[in-house]
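Ready for some practice with a protein model? Work through each exercise on your own before you read its solution.

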Amino acid sequence: MVYDLTLIEPMQKLFKVHTRGDNQLQQLRDDVTVTPGDLLSMPAGGVTLLGLKYNMAVGVLFVDAWLSGRGHFFYGGQVEDSATAEISRSQVWQWLRHQTQMEDDSRVVSLQLVRDLLHQLLVDLSALRPSSQAKQRLRTAADMFLEVVLKRDFPEFLTTYLNQEHTFLRAQRAEPVEGAEPVEAGDVQRAKL
């Protein structure tokens, strides 16, 4: 996806100068060794309250955009899409699992903290929503984001999960699912940690 068409030509020129084909698969990094332990350990670097809030906002706003039929949105002066939403929800999921301590104030990223921040985010973002329908869609998006970050097993791809998850499909239907109990907006069954 290209957001600035004027960058295509100069980027193509740079790519041609520094590559010998359609990709860079032949450029292996023999100087790097990655072990399974490296992939499973928490990376060094701090988690901040601002970072947690930003990741949560990007995740919620992506689901909101997805429910609206859009694949990207603008937030904080930046274009955000499924790629940044994947990073954002992944970090929140990891921080919850590892009960990561924030460097700002030594609080731990916990379910209660995430719920409190999500509530405040909804208050802040709802003030910018013109209609009750848009506000309701935002609340549904927040519920769905929380559902994703609380899953015991990490959903491999956010977009696949949104497309296949019963909650998402039900949110998109005007009529109730046959044989299923009606679900009030925001009434999403959440997986336990």
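**Exercise 1. Find how much area the protein exposes, and what share of it carbon and sulfur atoms supply.**

Step 1: The protein exposes about 12,800 Å², where accessible areas come from the Shrake-Rupley method with a 1.4 Å probe and, for residues, only the protein chains shown count as cover.
Step 2: Carbon and sulfur atoms supply 54% of that area.

Before you go on, a word on the model: it is predicted, so local features need pLDDT of at least 70, side-chain atom pairs count only at pLDDT 80 or more, and totals for chains, interfaces and linings use all residues. Residues are numbered from 1 along each chain as its sequence is written, and side-chain values use heavy atoms, with hydrogens and water left out.

**Exercise 2. Judge how confident the predictor is along the chain.**

Step 1: pLDDT is the predictor's confidence in each residue, from 0 to 100. The protein averages 83, and 82% of the residues score at least 70.
Step 2: Now look at residues 174-193, where the pLDDT is below 50. Where pLDDT is low, the predicted coordinates should not be read in detail.

**Exercise 3. List the secondary structure elements in order.**

Step 1: Count eight helices and two strands; these are DSSP runs, numbered from the N terminus (helices: H or I, at least four residues; strands: E, at least two).
Step 2: Starting at the N terminus, the order is α-α-α-β-β-α-α-α-α-α.

**Exercise 4. Describe the largest nonpolar core and the contacts of methionine 56.**

Step 1: A nonpolar core is a set of buried Ala, Val, Leu, Ile, Met, Phe, Trp, Tyr and Cys residues joined through side-chain atoms within 4.5 Å. Buried means under 20% relative accessible area, exposed over 50%, and partly exposed in between (1.4 Å probe, protein chains only).
Step 2: The largest core has 38 residues, and Leu52, Met56, Val60 and Val109 touch the most other members.
Step 3: Helices H3 (49-67), H4 (82-97), H5 (111-126), H6 (132-150) and H7 (158-164) each give two or more residues to this core. Its largest share, eleven residues, comes from H3.
Step 4: Contact means heavy atoms within 4.5 Å. Leaving aside neighbours within four places in sequence, methionine 56 is in contact with Val92, Val114, Leu117, Leu118, Leu121 and Phe145.

**Exercise 5. Is arginine 89 buried or exposed, and which residue does it meet in a salt bridge?**

Step 1: Arginine 89 sits in helix H4. Its relative accessible area is 1%, so it is buried.
Step 2: A salt bridge is a side-chain nitrogen of Lys or Arg within 4 Å of a carboxyl oxygen of Asp or Glu. The side chains of arginine 89 and glutamate 86 meet in one (2.6 Å, N to O).
Step 3: These two residues both lie in H4, three residues apart, about one turn of the helix. Glutamate 86 is buried too, because its relative accessible area is 16%.

**Exercise 6. Explain why the pair of arginine 129 and aspartate 64 ties together parts that are apart in sequence.**

Step 1: The two side chains form a salt bridge (2.8 Å, N to O).
Step 2: Arginine 129 lies in the loop between H5 and H6, and aspartate 64 in helix H3, so the pair links parts that are 65 residues apart in sequence.
Step 3: Both residues are buried. Asp64, Arg129 and Arg137 are linked in a network of salt bridges.
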